[in-house]
Amino acid sequence: MLDFFYPRGGWARAFNYVKHRVRRLPDTPEKISRGIWAGVFICFTPLFGLHFVFGAIIARLLRGNIFAALMATFFGNPVTFPPIGWVSITLGSWLLDVPQAKVAGLGEKFADASYDVWHNLFAIFTSERINWRGMQVFYDDVFFPYLVGGLLPGLVTATVSYYLAVPLIRAYQMRRKKVLRAKLDQLNKKKSPVDSNGL
């Protein structure tokens with residue numbers, strides 16, 4: 001659990017690992033970047049726990065690299081989720097004309113929604129009444145504004161990520177090809193005297 005909030009080696013090392021893995025994907029820069037677009041975009045939705053699933057689905061629809069989409073979902077993390085959530089809920093509340101008073105008390109509304117889930121799960125097997133009032137309030141005041149408000153910043157951030165990723169990945173792949181070609185040439189040069197002596 002602690003690794004989720006602060007990975008071993010720190011966030012910088014985790015970021016460098018993801019960046020390194022994405023760059024080494026055996027695909028075109030455009031296809032990898034479409035995957036990145038999908039992963040970054042889905043981070044601006046309140047579908048926590050399903051970002052991998054929906055990121056992969058969007059990448060598939062865009063004919064992007066699915067593994068790149070999965071790696072790009074790490075754009076959403078405990079450091080970035082608070083500002084993403086704040087921007088998305090604020091914008092969504094403004095677009096939907098939800099009063100700021102309704103948006104307040106996020107923690108309490110989340111707790112009430114969680115309580116409803118557990119209470120109603122046990123109510124199935126007992127004589128308790130099922131009640132979704134807390135979940136309804138959470139959906140109206142938090143989830144739906146977050147979902148609507150996250151679309152625009154998600155589109156903008158994902159598109160910027162795409163246009164930044166394409167040239168960076170292309171340059172990295174070309175440089176890597178040159179390095180591999182140079183190593184191959186060195187190996188061929190080392191082998192050639194042995195082969196000529198053998199003849």
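# Notebook: loops, salt bridges, a pocket and a patch

I started at D97, which sits in the loop between α6 and α7 (100–103). Helices here are DSSP runs of H or I with at least four residues, strands are runs of E with at least two, and numbering starts at the N terminus. The model is predicted, and I kept local features only at pLDDT of at least 70 and side-chain atom pairs only at pLDDT 80 or more, while totals for chains, interfaces and linings use all residues. Residues are numbered from 1 along each chain as its sequence is written, and side-chain values use heavy atoms, with hydrogens and water left out.

**Entry 1, backbone in loops.** For D97 I noted a phi near 60°, a positive value in a residue other than glycine. D97 counts as exposed, at 67% relative accessibility (buried is under 20% relative accessible area, exposed over 50%, partly exposed in between, with a 1.4 Å probe and protein chains only). I then turned to R63, in the loop between α4 (51–61) and α5. Phi of R63 is near 55°, again positive in a residue that is not glycine. R63 is exposed too, with 66% relative accessibility.

**Entry 2, overall make-up.** I counted 10 helices and 0 strands in the protein. Along the sequence the pattern reads α-α-α-α-α-α-α-α-α-α. Of the 199 residues, 34% are buried.

**Entry 3, salt bridges.** How many salt bridges does a search of the whole structure find? I got 2, taking a side-chain nitrogen of Lys or Arg within 4 Å of a carboxyl oxygen of Asp or Glu.

One of them joins E30 to R170, with the closest N and O atoms 2.3 Å apart. E30 belongs to helix α3 (residues 29–42) and R170 to helix α10 (residues 151–198), so this pair ties together parts that are 140 residues apart in sequence. I checked the accessibility of both partners: E30 is partly exposed at 26%, and R170 is partly exposed at 35%.

I also looked up the salt bridge between D141 and K109, at 3.1 Å from N to O. D141 is in helix α9 and K109 in helix α8, so the link spans parts that lie 32 residues apart in sequence. Are these two partners buried or exposed? D141 is buried, with a relative accessible area of 8%, and K109 is buried as well, with 11%.

**Entry 4, second largest pocket.** I put its space at about 430 Å³. The search ran on a 1 Å grid over the protein atoms alone, and a pocket is an open set of points with protein on both sides within 12 Å along at least five of seven lines; lining residues have an atom within 4 Å of a point. Volume is the space filled by probe spheres set on the points.

I listed 18 lining residues, and those nearest the centre of the pocket are F48, L106, F110, F138 and Y146. Which helices each supply at least two residues of this lining? I noted α6 (81–96), α8 and α9 (133–149). By class, the lining holds 16 nonpolar residues, 2 polar and no charged ones (Ala, Val, Leu, Ile, Met, Phe, Trp, Tyr, Cys and Pro are nonpolar, Asp, Glu, Lys and Arg charged, the others polar).

**Entry 5, nonpolar surface patch.** I found a patch of about 930 Å², made by V117, W118, L121, F122, I124, F125, I130 and W132. Its members have over 30% relative accessible area and no salt bridge, and nonpolar side chains (Val, Leu, Ile, Met, Phe, Trp, Tyr) are joined within 5 Å. Areas come from the Shrake-Rupley method with a 1.4 Å probe. W118 is part of helix α8 (residues 106–123) and is exposed, at 54% relative accessible area.

N120 is also in helix α8, but N120 counts as buried, at 3%. I took the C-alpha separation of N120 and W132 as 7.9 Å, for 12 residues in sequence.

**Entry 6, two further contacts in space.** A59 is in helix α4 and is buried, with a relative accessible area of 0%. I read 6.6 Å between the C-alpha atoms of A59 and R34, which are 25 residues apart along the chain. F67 is in helix α5 (residues 66–72) and is partly exposed, at 32%. For F67 and I32, 35 residues apart along the chain, I read a C-alpha separation of 8.4 Å.

Methods. Patch = residues over 30% accessible without salt bridge, like charges linked within 9 Å, V, L, I, M, F, W, Y side chains within 5 Å. 1 Å grid on protein atoms, 1.4 Å probe; cavity = no way out; pocket = protein on both sides within 12 Å on 5 of 7 lines; lining within 4 Å.
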